[in-house]
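Welcome, and thanks for taking a look at this one with us. Below is a short briefing to read alongside the structure.

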Amino acid sequence: MSREGLVNAALLLALVAVPGWALWADEPFTITLATRAVIFALAAVGLNIALGMGGLVSLGHAVFFGIGGYAMGILASHAQTYTPLMEWPFEIAGTKSMPVIWLVAVLASALAALLIGLLSLRTSGVYFIMITLAFGQMMYFFAISWPAYGGEDGLSIYVRNGFPGLNTLDPIQFYGLCLGLLCLVLILHARLMRSPFGLALNAARQVPERVRAVGLDPVRLQLVALVISGAVTGLAGALFADLNRFVSPTMLSWQMSGEIMVFVIIGGVARLFGPVAGAGFYVLLEHLLGGVSEYWQIFLGLFLLLVVLFGKGGLVGVLAGRARHE
């Protein structure tokens, strides 16, 4: 096994061992922290598909995260109030079923990614960054001015949605569900990286002229990557809203987009488990320093600066060494 494989295995073992210890020690708060880290890691894996494989520096991924959250919030709120979402021309009811909510979140986020990608991929570089940021701000202010679902105050959900055969109110069972989804998405990401599509996308990121020369459209490849990325991030948003039983416009803010990007950069761009390491480090630092000072993100900024200047490949890169593609 390669050094990076060993690092990945150690991270996966930590995802199992820490909640296992917390369950044994009767520390449900630690399980909740681990759940938060896993959900953030899932969102970051989504961004890593677009950024690490496609070279798409997006500051609008909070759009997909927030759409996933609002998909959960809207469906669950109508279910808890027993009011349909729509009555004409046919009735659509709310639901507390997680699989249904996930499907809606994934489809809605993928559709948003498709529409945003069709416009933003006409540009590149800093213009692409600014267009994705603009879309993010548009959605953020739309959510603030949407009084039907809480507006600026957000939307509280007083139930935990259900999954067949599981008690999702039990922290360890809900954690296991989130970890299972993260592992499935990591497997998907690994297969994408080794697939002909992934190789073509990586080539389009490095030398788009050569990709065009063999008859492939780099923009179309990037659009597909952005749609997959948006779908995964939307799933993470639905889980995050379910964890907190609350959804608000902050899930759509540019700060949220920045945090997701920080997870990827700290852990390691284009590294399979980079988002997992970055999200885990962020949640741990927030927990340890958040109670010491409300300005704990100063230390996060210093660490990010060190990673950018001296730690190419992020935490995983420092531990595992240079990857073959670097």
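How much accessible surface does the protein chain have, and what percentage of it belongs to carbon and sulfur atoms? The accessible surface comes to about 15,900 Å², and carbon and sulfur atoms hold 68% of it. Please keep in mind that this is a predicted model.

**Overall build**

- The protein chain folds into 13 helices and two strands. With a radius of gyration of 20 Å, close to the 20 Å that the globule rule gives for 326 residues, the chain is as compact as a globular protein of that length.
- If you orient the C-alpha trace along its principal axes, the protein chain spans about 55 × 50 × 40 Å.
- Of the 326 residues in the protein chain, 48% are buried.
- Among contacts with a separation of 6 or more, 77% link residues that sit 24 or more positions apart.

**The enclosed space**

- A friendly reminder before we look inside: rolling a probe the size of a water molecule over the atoms shows where empty space is left.
- The structure holds one cavity of 30 Å³ or more, and the volume of the largest cavity is about 40 Å³.
- Which residues line the largest cavity? You will find Ser58, Gly60, Val63, Phe64, Ile116, Thr132, Phe135 and Leu226 there.
- Helices α3 (62-81) and α5 (126-144) each give at least two residues to the lining of this largest cavity.
- Sorted by class, the lining of the largest cavity has five nonpolar and three polar residues, and no charged ones.

**The second largest pocket**

- This pocket offers about 470 Å³ of space, and 21 residues line it.
- If you would like to find its centre, look for Val18, Ala37, Gly280, Phe281 and Leu284, which are the lining residues that lie nearest to it.
- Three helices, α1 (3-24), α2 (28-53) and α11 (274-290), each supply at least two lining residues to the second largest pocket.
- Which helix gives the largest share of this lining? The answer is α11, with eight residues.
- The class count for the lining of the second largest pocket is 18 nonpolar, three polar and no charged residues.

**Two loop residues with positive phi**

- Asp26 is not a glycine, yet its phi is positive, at about 55°. You can find Asp26 in the loop between α1 and α2.
- Is Asp26 buried or exposed? Asp26 is exposed, with a relative accessible area of 63%.
- Tyr82 also has a positive phi without being a glycine, with a value of about 60°. Its place is in the loop between α3 and α4 (98-120).
- Tyr82 is exposed, and its relative accessible area is 71%.

**A buried serine**

- Ser120 belongs to helix α4, and at 0% relative accessibility this serine counts as buried.
- Which residues does Ser120 touch, once those up to four places away in sequence are set aside? Ser120 touches Phe128, Ile131 and Thr132.
- One of those partners links back to the enclosed space: Thr132 is touched by Ser120, and Thr132 is also among the residues that line the largest cavity.

Definitions and conventions. Residues numbered from 1 in each chain as written. Predicted model: local features only at pLDDT ≥ 70, side-chain atom pairs only at ≥ 80, totals over all residues. Heavy atoms only, no water. 1 Å grid on protein atoms, 1.4 Å probe; cavity = no way out; pocket = protein on both sides within 12 Å on 5 of 7 lines; lining within 4 Å. Points joined across faces, edges and corners; volume = space filled by probe spheres on them. Helix = DSSP H or I, 4+ residues; strand = E, 2+ residues; numbered from the N terminus. Nonpolar A, V, L, I, M, F, W, Y, C, P; charged D, E, K, R; others polar. Rg over C-alpha atoms; globule rule 2.2 N^0.38 Å. Buried < 20%, exposed > 50% of the residue type's maximum accessible area, 1.4 Å probe, protein only. Contact = heavy atoms within 4.5 Å. Areas by Shrake-Rupley, 256 points an atom, 1.4 Å probe, with all protein chains shown as cover.
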